[in-house]
Amino acid sequence: MTTLTILPSGKTHDAAPGTSILQAILDAGEALVSKCGGNAKCGKCHVFVVEGRKGISRIGPLENATLDTLVGIGSKSRLACQARLLGTEAVTVELLGALSG
C-alpha cells in the first residue's frame, strides 16, 4: 500500500499500487473533477506532486500534451487520472482548485 497525503486538507489515504492518483483522491472522500472520464483530455484533474515523485508512474505522451495546453503548470504538475501509485514511497499531492484545468 502507498500512503497518499492530500493537501491542503492534510487527509491521508492508503491505496494499492497501480491505483490512479485520481481514484485514490476520490476514495479518500476528496472532490476532484474529471470531465473526460480519466482520458487525459480535459486537464481538470491537474495536481502538483509535492513529495514522492519517484513513487508514481512516468508521464506519458498524451498526459504531456494535455499539460502543455494548461495554464499554471510546473515541474511538479501531473494529471491525477494518468499518474499511478507505484507502491515504492509515500506521495503528497496538492489539489489546485481554481487553477486546475
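**A pocket and the fold around it**

The largest pocket has a volume of about 170 Å³. This is a predicted model, and the pocket is a good place to start reading it.

Which residues line the largest pocket? Arg-53, Ile-56, Ser-57, Arg-58 and Ile-59 are among them. Leu-67 belongs to the lining as well. Gly-74, Ser-75, Ser-77 and Arg-78 complete the list. By character, the lining divides into three nonpolar, four polar and three charged residues. Gly counts as polar in this division. The charged residues are Arg-53, Arg-58 and Arg-78. Rolling a probe the size of a water molecule over the atoms shows where empty space is left.

Now step back to the fold. The protein has two helices and five strands. Along the sequence they follow the pattern β-β-α-β-α-β-β. Two strands thus open the pattern, and two strands close it. A single strand sits between the two helices in this order.

How does the chain fill space? Its C-alpha atoms occupy a box of roughly 30 × 25 × 25 Å along the principal axes. The radius of gyration is 12 Å. A compact globule of 101 residues would have a value near 13 Å, so the protein agrees with that expectation.

Contacts and surface add to the picture. Take the contacts between residues at least 6 apart in sequence: 67% of them join residues at least 24 apart. Of the 101 residues, 42% are buried, meaning under 20% relative accessible area. The protein exposes about 5,200 Å². Carbon and sulfur atoms supply 52% of that area.

Key. Residues numbered from 1 in each chain as written. Predicted model: local features only at pLDDT ≥ 70, side-chain atom pairs only at ≥ 80, totals over all residues. Heavy atoms only, no water. 1 Å grid on protein atoms, 1.4 Å probe; cavity = no way out; pocket = protein on both sides within 12 Å on 5 of 7 lines; lining within 4 Å. Points joined across faces, edges and corners; volume = space filled by probe spheres on them. Helix = DSSP H or I, 4+ residues; strand = E, 2+ residues; numbered from the N terminus. Rg over C-alpha atoms; globule rule 2.2 N^0.38 Å. Buried < 20%, exposed > 50% of the residue type's maximum accessible area, 1.4 Å probe, protein only. Contact = heavy atoms within 4.5 Å. Areas by Shrake-Rupley, 256 points an atom, 1.4 Å probe, with all protein chains shown as cover.
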